[in-house]
Structures are given as C-alpha cells and as structure tokens.
Amino acid sequence: MDTFFEFFSFADPNIRYVVIGSLLLTGSSAIVGSFTFLKKKALVGDAVAHSVLPGVCLSFILYGEKNPIILILGAFATGWLSLILIDIISSSSKIKEDTAIGLILSVFFGIGIFMLTIIQKSGNAAQTGLDQILFGKAASLVGNDLIAFAVIAAILIVSVWFFFKEFTLLAFDEDFASTIGLPVRGIELLLTTLTVLAVVIGIQAVGVVLMAAMLITPAAAARFWTEKITTMVWLAAIFGAFSGLAGAYISYVAPSMPTGPWIVVVISTIAFVSFFMAPKRGILYRLNNQRRIKKQINDENILKALYQLGEEEKNFFEKRTMAEILTKRKFVPAALKTGLRRLKREGYLKNQNGYWSFTKAGKHKGQRTVKLHRLWELYLTQYLHIAPDHVHDDADTIEHILTPELEARLEKLLNYPTLDPHQSEIPYR
C-alpha cells in the first residue's frame with residue numbers, strides 16, 4: 001500500500017515523466033487509431049511502426065546523437081514514406097493492399113535492423129540504448145521527451161477535433177464524402193500523417209514492435225461497447241490512458257518488468273474482456289442471444305403444432321400427449337419436454353396428468369405464428385413468384401422474427417387475405 005501512495009503522489013520526477021509520457025502516448029494514439037480501425041486499415045499501424053526504425057537509425061547516423069526531436073523527424077519521414085509506397089503499390093499494380101503492407105513492413109524493418117547493427121558496431125558511445133527503440137523504455141523518458149510528446153499529442157488531438165466530421169465520413173462512406181465535395185484525397189493524406197505521428201510519438205516508450213497495438217487495440221476494445229463514434233473515440237482514449245497508467249504502475253512495483261510491454265498487456269486484457277463481456281456485441285451476449293432465439297423458435301413451433309392439431313380436429317383446447325405433438329412436427333424429445341414445461345411456466349399451456357392443452361394466451365400465440373407463416377408464404381408466391389411448394393422452409397424461419405409492425409404492413413400489402421397458397425385458412429383473431 002505504501003508503494004501505491006508513493007506512486008500516485010507523483011512526488012518523484014521520474015514517476016511524473018513516465019506517467020505523463022505514457023498518458024500522452026496512449027491517449028492521443030488511441031484517438032487517431034480509432035479512425036484507422038474504422039477504415040479497416042489495422043495493419044497500416046503495424047507497417048508504420050516497423051517502418052520508422054530506419055528513419056530513427058538514419059537520423060542518428062547523420063546527427064550523431066540521440067536528440068528526440070531529430071529522431072522523431074527521421075521516424076516520421078520513413079513512416080510517412082512507407083504509407084505512400086503502400087498506397088502506390090496497391091493502386092498501381094495487381095498487388096493487394098495487405099500484400100503491399102507485408103512487403104513494405106518487412107523491407108523497411110529489415111533495413112532498420114541492418115542500420116542498427118552498423119551503428120552498434122561503429123563504436124559511437126552515444127548509440128548506447130538506441131536498440132531500446134525496438135521494445136521501448138518508458139523509464140528512460142526525460143523532460144525534453146515530454147515536451148516533444150506534448151506538442152505532437154496536441155497536434156493529434158486538435159487535428160481530430162477540427163476534422164472529426166470529415167474523418168468520420170471518410171471512415172464510413174468515402175464515396176459519399178467525395179460526392180458532397182469533400183477533398184477526400186487531402187483528408188486521407190492528413191489522416192495518414194496523423195497516424196504516422198501517433199506511431200512516432202510512442203516508439204521511445206513502447207517501441208516499434210509494440211506500438212501498432214497501442215494504435216489499434218484501444219479502438220477495437222471501444223468498438224465493442226458502443227455504436228456511436230464519438231463515444232467510441234472517448235472510450236478508446238480512456239482505455240488507452242488507463243493502460244498507460246496501469247503499465248507504468250506495474251513496472252514501478254516490479255522494476256524488472258518494462259513499462260511498454262505491460263501497457264500492451266493491460267490494453268490487450270481490456271480488449272479481451274470487451275470481446276467477451278460487452279453488451280450487444282460481446283461473445284457472451286451473442287451466445288446468450290442465440291440460446292434465447294433457439295428457445296423462442298422451439299416454443300413457438302410447439303404452439304404452432306398444437307394449433308395445427310386443433311385446426312384438424314376443430315378443437316383447439318383438446319388435451320394432447322407428447323406423442324401426438326410429435327406426429328405433427330419433429331422435435332428433439334428433450335427439447336420438447338423442456339419447451340412444454342417452459343410454456344407452462346409462462347402461462348401458455350396447462351398440464352393435467354401428462355396431457356397438454358392451450359391456455360387462451362397460448363392459443364393466440366400459436367395462432368399468430370401460423371398466421372405469419374401463411375402470410376409470408378403468400379408474399380413469396382405473389383411478389384417473388386416462388387412456386388408454392390418451395391416457400392415452406394423460408395416461411396418456417398421468417399415467422400419467428402417478424403415484428404408486429406412488419407406483420408401489419410404485410411397484412412395491408414396483401415390486402416388482408418383469407419387463404420394461403422395452399423388454400424389453408426389464414427387465421428385472424
């Protein structure tokens with residue numbers, strides 16, 4: 001607990017440098033990365049992150065020192081060049097974009113490793129620690145680094161603030177943006193430049209290998225929680241900033257563990273939790289929703305079978321055994337038994353000595369399912385000109401998902417018909 005208060009008091013200048021640097025890096029890169037993610041160009045961040053290495057090495061060779069401004073300028077130059085080359089290759093040849101990204105990534109990173117090896121063997125004492133740019137070392141951040149980080153982060157945030165609408169249009173509908181007169185090419189170039197800046201800002205803290213994760217992962221995690229882009233961008237920034245703070249704290253508590261990889265571990269954990277737990281888009285929600293729909297279909301099919309038996313015998317409230325229901329429609333016996341019990345609990349069926357019968361609500365629900373089935377069959381034959389003997393399976397699926405609004409529109413469109421294509425009565429209440 002003492003360590004916790006010591007860290008979050010921010011009394012130690014080194015702690016302040018690491019925390020502020022991590023927050024600037026993770027928050028600003030997540031904001032820009034949201035638009036890269038929405039444009040489905042997640043691999044672009046990876047390509048840029050690896051392509052900045054030769055720029056950093058070339059800047060060091062030319063300048064002879066590890067000046068953060070010079071290194072950032074060099075990283076920006078090669079990162080930006082890599083994106084331009086990817087665009088040229090994919091637009092002017094038959095090579096697909098993902099192949100061009102892989103090609104540029106490997107070529108630039110290979111050149112960077114080659115130049116880094118030459119620098120390490122040059123005997124220049126100033127090159128000590130330059131190899132840390134591969135995996136980053138947030139603990140080495142100093143005041144000058146923070147000034148550079150703050151300037152670039154401000155450029156990123158202000159640019160996104162002013163061009164939020166244009167970036168949103170570009171991410172979701174580039175053709176529409178073009179038709180309303182937006183300079184799509186210029187906006188795309190601006191977003192590319194901001195993406196490169198976002199990567200460049202983080203290479204010293206997280207490293208070229210892990211920086212792509214900081215660009216895309218917060219946006220991917222945020223996407224699971226919302227449908228609104230404004231909320232998504234805010235969530236991505238919060239997730240990124242939290243991972244930066246948490247990574248800095250963990251590396252402070254366990255000094256042998258570097259900050260950059262821990263930041264990536266934390267944001268990856270947030271992404272995995274979002275992937276499984278997020279409402280509406282998470283895996284658990286979808287599995288639960290599929291299970292609910294499966295139960296609904298099973299139950300409605302049971303009610304439909306009972307209604308059809310009632311139609312045949314002109315007695316909808318006759319007591320039926322499970323064997324009689326199985327003669328009308330195939331069910332897995334266990335699913336039928338479970339469905340019958342569930343329908344009894346919900347008030348749609350009654351059970352007396354193993355015999356099942358409708359309640360009034362159950363009869364209405366079974367009647368509606370049959371009505372929707374026959375209306376849809378009629379719609380398919382009248383409007384899509386499908387033969388009557390080919391419409392049953394489609395209607396058997398669609399009857400479970402038609403809403404009352406669609407039901408009313410369908411009735412009106414078909415002029416309230418009384419018979420389906422097989423001359424069976426369409427039952428109305």
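The exercises below concern helix packing, one serine and the aromatic pairs of a predicted model.

**Exercise 1. Describe how α4 and α9 pack, and classify the angle between them.**

Solution.
- Two packed helices are described by the angle between their axes and the distance between the axes.
- Helix α4 spans residues 68-92 and helix α9 spans residues 184-202. The angle at which they pack is about 135°, and their axes lie 9 Å apart.
- Angles over 145 degrees count as roughly antiparallel and those of 65 to 115 as roughly perpendicular, with the rest, beyond the roughly parallel range under 35, being oblique. The pair α4 and α9 is therefore oblique.
- The crossing of these two helices, α4 and α9, is right-handed.

**Exercise 2. List the residues through which α4 and α9 meet, and sort them by character.**

Solution.
- From α4 come I72, A75, F76, G79, W80, L83, I84 and D87.
- From α9 come R185, L189, T192, T193, V196, L197 and V200.
- Sorted by character, the residues of this contact comprise 10 nonpolar, 3 polar and 2 charged.

**Exercise 3. Locate S28, decide whether S28 is buried or exposed, and name the residues it touches.**

Solution.
- S28 belongs to helix α2, residues 13-38.
- The relative accessibility of S28 is 2%. Buried means under 20%, so S28 counts as buried.
- Leaving aside residues up to four places away in sequence, S28 touches L23, A153, L156, I157 and I201.

**Exercise 4. Classify the pair F224 and F275, and state which parts of the chain it ties together.**

Solution.
- A pair of aromatic rings is described by the distance of the centres and the angle of the planes.
- The whole structure holds 8 aromatic pairs. In one of them, F224 and F275, the centres are 5.5 Å apart and the planes stand at 90°, an edge-to-face arrangement.
- F224 sits in the loop between α10 (211-223) and α11 (229-253), while F275 sits in helix α12 (residues 259-277), so the pair ties together parts that are 51 residues apart in sequence.
- With 19% relative accessibility F224 counts as buried, whereas F275, with 35%, counts as partly exposed.

**Exercise 5. Classify the pair F275 and F276, and name the residues that ring pairs link into a cluster.**

Solution.
- The ring centres of F275 and F276 are 5.3 Å apart and the planes are at 85°. Planes over 60 degrees apart count as edge-to-face, so this pair of F275 and F276 is edge-to-face.
- F276 has 37% relative accessibility and counts as partly exposed.
- The cluster linked by ring pairs consists of F35, F163, F164 and F167.

Technical notes
Residues are numbered from 1 along each chain as its sequence is written. This is a predicted model: local features need pLDDT of at least 70, side-chain atom pairs count only at pLDDT 80 or more; totals for chains, interfaces and linings use all residues. Side-chain values use heavy atoms; hydrogens and water are left out. Axes are lines fitted to C-alpha atoms, for helices over the stretch in contact, and angles run from 0 to 180 degrees between N-to-C directions. Helices (H or I, at least four residues) and strands (E, at least two) are DSSP runs, numbered from the N terminus. A crossing is left-handed if the near helix is turned anticlockwise from the far one by less than a right angle, and right-handed if clockwise. Contact means heavy atoms within 4.5 Å. Ala, Val, Leu, Ile, Met, Phe, Trp, Tyr, Cys and Pro count as nonpolar, Asp, Glu, Lys and Arg as charged, and the others, Gly among them, as polar. Buried means under 20% relative accessible area, exposed over 50%, partly exposed in between (1.4 Å probe, protein chains only). Rings of Phe, Tyr and Trp (its six-membered ring) pair if their centres lie within 6.5 Å; planes under 30 degrees apart count as stacked, over 60 as edge-to-face and the rest as tilted.
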